[in-house]
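Please look through the sequence and the model shown here before reading on. The report that follows takes up charged pairs, sheets with their helices, and some unusual backbone geometry.

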Amino acid sequence: MAANTQKTEGRARKRAIPWVMLGLWVAVLALVGPFAGKTSDVQQDRAVDYLPVSADSTQVAKIQDQLPGGEATELVLVYHRDGGLTAADKATAQSQVEEIAAAHKLTHTPEPVTAKSGDTLFYPVASNEPGTDEKLRDAFVASVREVADGSGGLSVDVGGSGAYAADASEVFNSLDGPLLYTTVAVVAILLILIYRSPFLWLVPLIVAGVADALSLAVTYGLHNAFDITVSGQSTGIMTVLVFGAGTDYALLLIARYREELRVKERPLDAMASALRGCGPAILASSGTVAVGMLCLLAADLNSSRGMGPTAAVGVLCALVAMTTLLPALLVLFGRRVFWPLIPAFGSQPKQRRSLFGAMGTSVRRRPLAVLATSALVLGALALGAFNLSGSVKQEDSFTKTPEAVRAMTTLADAFPERSSQPITVLAPTGEAAQVLAEAKGVEGVAAVEQGRSNAEWTELAVTAVAPPQSAGETATIEELRSTLDSSLVGGVSAQQLDLTETSARDTGVVVPIVLISVLLILIVLLRSLVAPLLLIAAVVAVWGAALGIGGLVFEPVFGFEGSDPGLALLSFVFLVALGVDYGIFLMHRMREEVLKGQDTQTAALTALRTTGAVIASAGLVLAATFGVLMNMPLVQLVEMGFVIAVGVLLDTFLVRTYLVTSASMALGRKVWWPGPLSKRPEPALPEREREPVGSL
C-alpha cells in the first residue's frame, strides 16, 4: 500500500514539473520584461562609438565635445536649381533662414555662400539648444527641415554633421520593429511548411519570442554592469540569432520528441528521453557558438567587442528557453499539438525514400572524386573575394540615400575646389600657430583654418585637395599624422580610416583565437584530432566561398560602392561557429554508429540519412533568418546577412552532405585518430552489404 502511495506521489510530482517550469518562466518574464524595451535607449550608433578608445579620431571627437560650442548641432542648408538659382530662389532661402533664426537660438548669424556656377548656395546653421541630448537634436533637425522646403524646381536639402547623425539615428531606431516582424514572419512560414500542422509551429515561435525578450533584458543589464557597447547592428543580429539558432534547437528537439512518443506512452517520459538523446548535442552546439562569439572580446573595435557578449547572450537565452520552456509547453499540450499528424504510441513512421540517403550512396561510390570536386568548387567560389571593393564610405552606407548625404553630394559637386568634409586637427593650444604652419606645408592640404580652442586644445579645420574618403585624402591624413607629432587628427574620413585599420588588426587577432577555441571544443567532444581538423577546414572553406560570392554580387548586382570593413571578421566568426554546429550533429551521430559496431562508411551514410532532413530544415531556417537582414536599410547589414545566409546554405547542402561525408569515407577509421576508435579494425561485412544500396 505504502509503495503504491509513493509511486502515485512520484508520478504526481513528475506531472507537476511542466507546470512548475511554466510558472518559473512567467516569473522571469515579469521580472525582466520591463528592461527588454530599454535596450534601444542605450544603443550607440555614431561612427565614433564603433571605434577603439585609443584611436586618434575617437579622442578628437571626445575633445571636440568639450570645446566652446562643442555641444552645438551643426547643419548646412543647401539650395540648388539646375540651370542656375533665380533671385526669387535666393529670396526664398533668405526668408527661410530668417524664420529658422527666429524660432531657434543660433550660435551665429548664417551668411550665404554661393557656388561659382550659380546653381547652388548654402547657409551654415548651428545651435546649442539641443545640447548633447540626441532626441532634442533630432527634433531640432526635423524643425529646420520643416521650414527649409523647396518647390517649383528648387531643391532644398539639410545636411551637416547634425543632420547626418539624425538620419543615421532614424535608420538604426527603425531596425527593431521591421527586423523582428520580418524574422517572425519568415520563421512562421518555414515552420508551417516543415510541420504541416496548424498549431505546432506556434509553440517554438512563441518560445523564441520569449528568448528574444530575455536576451534584450540581459543585454541591457550587461551594458549597465560592464559598459559593453550596444549598437543597432549588434541587437539586430542578436534577434536574428535568437530566432535562427533557437528554432534550430527546437527542430532537433521536436524531431526526437516525435520519435520518442511512438515508443513512450506518457509525453513526459518521451520528452525526458528526447532531452537525454539530443540534449548533449544541442548543449555542445550552443556552447561552441557562444564561445566563438565571446572570442570577439579580443577585438579592439568597440562594435565588434560589444557584439561578442551580445550574440553569446542571444544563443544562451535561446538554449535555456528551448530546453526548459519548450519541453514544458509541449508536454502540457500533449500529443494533440502534432495534429493532424499525431504520433500514436506503438505506431511506426511511414517509410519513405531518403533523399539524403540517396545522396550518401552517390558519395560512397566515388568518395575521392566527390571530395576533390567539392573542394574545387569552394576554392573557385572563394576567388570572388578578390573582387571585393574597398571600405564603404560613410555616405554610401545606406541602401537609400538620406537627405544629409544628398546635401553633401550637392555641395561636393558645386564646390569642387573645397572639401565638403574637412579634416579636424587638434593641436596643443600653446603650439597652435606652429602646428597651423606645419599643416599648411603638408602635401595634399589646400587650406587650414583655426577654430575653437580652450586652455588645452585648439581646433584646426584642414581642407584637403582630394575629395573626401578618397585614396588622395587618405594619404593626406596619414601624412598629417606622421608630420604633426603633438597633435591629433580626426574627422569623418579619419574615423573611416581608423575603422578600416582596426578591423584589419582585429581579423589577425580574433581569427586564430576562434579557430583554436572551436578546435579544442571539438577535440574534447569527438575525442579525435583529425575529425575536428576536417570540420574546421570545411567551415573555413565555406566562409571563403560565401565571401567570394559576395564579392561577385555586391557591386555588380546590388550596386554597393564598397564593403563593410568588419564584414570579413564578423562573417568568419558567425560562419565558423554556426557551421560547426551542423558538423557536430553529423559527426557525433557518426561516432555513435561506429561505437555500435558499424564500419566508417556505413556509419557516415547512417548519420547523413538520420540527420539530413532535420538539419536541412534547420539550415533553411537559419539562412532565411539571416537573409532577413538583406531587407534592412544599412549596407553592412545587407552584406552580413547575404554572406552568412549563403554560407549556411553551402554548409548545409554541399559541405556537410558531400565534402565532410566523402572525406570521412576516404579516411575511414583514421578520421578518429588518435582516439581509441581509430585503433579498432573495420568490421568484416558480408559481400552484399558492401555493395552500394539505392535507398537507405
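A salt bridge is counted where a side-chain nitrogen of Lys or Arg lies within 4 Å of a carboxyl oxygen of Asp or Glu. By that rule Asp56, Arg481 and Asp498 are linked in a network of salt bridges, and the structure holds 11 salt bridges. This is a predicted model, in which local features need pLDDT of at least 70 and side-chain atom pairs count only at pLDDT 80 or more, while totals for chains, interfaces and linings use all residues. Residues are numbered from 1 along each chain as its sequence is written, and side-chain values use heavy atoms, with hydrogens and water left out.

## Two sheets and their helices

Helices (H or I, at least four residues) and strands (E, at least two) are DSSP runs numbered from the N terminus, and two strands are said to pair if DSSP finds at least two bridges between them. One open sheet has 4 strands in the order S2-S3-S1-S4, with antiparallel pairing. Strand S2 (113-114) and strand S4 (155-159) are at the edges, each with a single partner strand, so one side of each is left without a neighbour in the sheet. Strand S1 (residues 73-80) is paired with S4 over 5 bridges in the antiparallel sense, and tyrosine 79 stands opposite valine 156 in S4.

Two helices can be placed against this sheet, where contact means heavy atoms within 4.5 Å and axes are lines fitted to C-alpha atoms, for helices over the stretch in contact, with angles from 0 to 180 degrees between N-to-C directions. Helix H5 (residues 134-147) packs on the sheet and touches S1, strand S3 (120-127) and S4, its direction making about 20° with that of S1. Helix H6 (residues 161-173) lies across S1 and S4, and runs at about 95° to S1.

The order S6-S7-S5-S8 describes another open sheet of 4 strands, again with antiparallel pairing. Its edge strands are strand S6 (445-453) and strand S8 (488-490), each of which pairs on one side only, and the twist averages 25° from one strand to the next. S6 is joined by 6 bridges to strand S7 (residues 457-464), the two running antiparallel, and glutamine 450 stands opposite leucine 460 in S7. Helix H16 (residues 471-483) lies across strand S5 (423-428), S6, S7 and S8, and runs at about 5° to S5.

## Charged pairs

Side chains of opposite charge can pair when their charged atoms come close. The table lists three of the salt bridges, with the distance from N to O.

| Pair | Closest N to O |
|---|---|
| Arginine 145 and aspartate 167 | 2.7 Å |
| Arginine 406 and aspartate 157 | 3.2 Å |
| Glutamate 593 and lysine 596 | 3.6 Å |

The pair of arginine 145 in helix H5 and aspartate 167 in helix H6 links distant parts of the chain, the two residues being 22 residues apart. Accessibility is described here as buried when the relative accessible area is under 20%, exposed when over 50%, and partly exposed in between (1.4 Å probe, protein chains only). Aspartate 167 counts as buried, at 6% relative accessibility.

Arginine 406 lies in helix H14 (residues 403-414) and aspartate 157 in strand S4, so their pair ties together parts that are 249 residues apart in sequence. Within this pair, arginine 406 is partly exposed at 37% relative accessibility, whereas aspartate 157 is buried at 11%. In the remaining pair of the table, glutamate 593 is buried, with a relative accessible area of 5%, while lysine 596 is exposed at 62%.

## Backbone geometry in the loops

Most residues other than glycine have a negative phi, and most peptide bonds are trans. Where, then, does proline 340 lie? Proline 340 is in the loop between helix H11 (302-333) and helix H12 (355-365), and a cis peptide bond with omega of about 10° joins tryptophan 339 to it. The bond from tryptophan 673 to proline 674 is also cis, with omega near 0°, and proline 674 is found in the loop between helix H21 (635-667) and helix H22 (687-690).

Arginine 196, a residue other than glycine, has a positive phi near 50°, and its place is in the loop between helix H7 (176-195) and helix H8 (202-226). Aspartate 227, likewise not a glycine, has a positive phi of about 60°. Aspartate 227 lies in the loop between H8 and helix H9 (232-261), and is exposed, with a relative accessible area of 58%.
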